[in-house]
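Me: I'd like to learn how to read a model like this one, feature by feature. Can we start with charged side chains and work outwards from there?

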Amino acid sequence: LSRVQDDTFFKCNSGRLKLRFSGQMNELIFYKRETDYGPKESFYQKAQTSNPGALRSSLKQAFGEAGRVRKFRRTFRIGDCTVNVDRVGGLGDFIELKMPLKNDESGDEKLLDLENLMQVLNIDLFQLVDGAYVDLINERQQSEACT
């Protein structure tokens, strides 16, 4: 599956809130995830919208915009893992691995599965990014503004 995604992030104190434009699938996504280095668990909720432009305007007025990420994403499946290969505007190419936890599974089990998959894909722990794309884009824009 290949698609273009345009994510607008809004200021949110309890996690991250983004509105995703992606062809026919437009959705508001709230998620919480640690920004620590290495693999991490995340929680998210999604709500589809039929009028993303109006919703973006309302959220921008209510909360303020925290950043924007535009990317081309290709998605693959390897076993239980979703593999996203992203070309992120202004940043470059990344791989994101998502391994869902089922009710009877522990995070430790999935972490081991994830580490094994990283070995197969030749991904080193030192290549992992500790934040979100929006953080990297905002950091780059701030450093460019200072120079």
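Reply: Sure. Side chains of opposite charge can pair when their charged atoms come close. Keep in mind that this is a predicted model. Here arginine 87 makes a salt bridge with aspartate 93, with 2.7 Å between the closest N and O atoms.

Me: How many salt bridges does the count come to?

Reply: The count comes to 14 salt bridges. One of them pairs aspartate 7 with lysine 71, whose closest N and O atoms are 2.9 Å apart. Aspartate 7 sits in strand E1 (residues 2-10) and lysine 71 in strand E5 (residues 65-78), so this pair ties together parts that are 64 residues apart in sequence.

Me: Are the partners, aspartate 7 and lysine 71, buried or exposed?

Reply: For that you look at relative accessible area, where buried means under 20%. Aspartate 7 comes out at 1%, so it counts as buried. Lysine 71 has 4% and is buried as well.

Me: Which residue meets arginine 16 in a salt bridge?

Reply: That's aspartate 135, at 2.6 Å from N to O. Look at where the two sit: arginine 16 is in strand E2 (residues 16-22) and aspartate 135 is in helix H3 (residues 133-146), so the salt bridge links distant parts of the chain, 119 residues apart.

Me: And which residues do salt bridges with shared partners join into one network?

Reply: Asp6, Arg56, Arg68 and Arg70 are joined that way. For the charges as a whole, you can compare mean positions: those of the 22 positive and 22 negative charges are 9 Å apart.

Me: Let's step back to the fold. What pattern does the protein follow along the sequence?

Reply: Read along the sequence, you get β-β-β-β-α-β-β-β-α-α. That is 3 helices and 7 strands. The radius of gyration is 16 Å, close to the 15 Å that the globule rule gives for 147 residues, so the protein is as compact as a globular protein of that length. If you want extents, the C-alpha trace spans about 45 × 40 × 30 Å along its principal axes.

Me: What share of the residues counts as buried, and what supplies the exposed area?

Reply: Of the 147 residues, 31% count as buried. The protein exposes about 9700 Å², and carbon and sulfur atoms supply 49% of that. For sequence range, take the contacts with a separation of 6 or more: residues 24 or more positions apart account for 45% of them.

Me: Now single residues. What does phenylalanine 21 touch?

Reply: First place the residue, then list its contacts. Phenylalanine 21 is in strand E2, and at 22% relative accessibility it counts as partly exposed. Leaving aside neighbours within four places in sequence, phenylalanine 21 is in contact with Val4, Gln5, Asp6, Asn26, Pro52, Gly53 and Arg56. Two of those names, Asp6 and Arg56, also belong to the salt-bridge network. You can check C-alpha distances too: phenylalanine 21 and threonine 8 are 13 residues apart along the chain and separated by 8.5 Å.

Me: Where is isoleucine 78 placed, and which residues does it touch?

Reply: Isoleucine 78 is in strand E5, and its 38% relative accessibility makes it partly exposed. Not counting residues up to four places away in sequence, isoleucine 78 touches Val83, Leu117 and Leu121. For a C-alpha to C-alpha distance, try isoleucine 78 and glutamate 139: they are 61 residues apart in sequence and 32 Å apart in space.

Me: What about the loops? Where is proline 100 found?

Reply: Proline 100 lies in the loop between strand E7 (92-98) and helix H2 (107-120). With a relative accessible area of 43%, proline 100 is partly exposed. Beyond residues up to four places away in sequence, proline 100 touches Asp80, Glu105 and Lys110. Its C-alpha atom is 7.2 Å from that of cysteine 81, which is 19 residues away along the chain.

Me: One last feature, the backbone. What is phi of asparagine 122 near?

Reply: As a general idea, most residues other than glycine have a negative phi. Asparagine 122 has a positive one, near 60 degrees. Asparagine 122 lies in the loop between H2 and H3, and it is exposed, with a relative accessible area of 67%.

Technical notes: Residues are numbered from 1 along each chain as its sequence is written. This is a predicted model: local features need pLDDT of at least 70, side-chain atom pairs count only at pLDDT 80 or more; totals for chains, interfaces and linings use all residues. Side-chain values use heavy atoms; hydrogens and water are left out. Helices (H or I, at least four residues) and strands (E, at least two) are DSSP runs, numbered from the N terminus. The radius of gyration is taken over C-alpha atoms; the globule rule is 2.2 Å times the number of residues to the power 0.38. Buried means under 20% relative accessible area, exposed over 50%, partly exposed in between (1.4 Å probe, protein chains only). Contact means heavy atoms within 4.5 Å. Accessible areas come from the Shrake-Rupley method with a 1.4 Å probe; for residues, only the protein chains shown count as cover. Lys and Arg count as positive and Asp and Glu as negative; His and the chain ends are not counted. The place of a charge is taken as NZ of Lys, CZ of Arg, CG of Asp or CD of Glu. A salt bridge is a side-chain nitrogen of Lys or Arg within 4 Å of a carboxyl oxygen of Asp or Glu.
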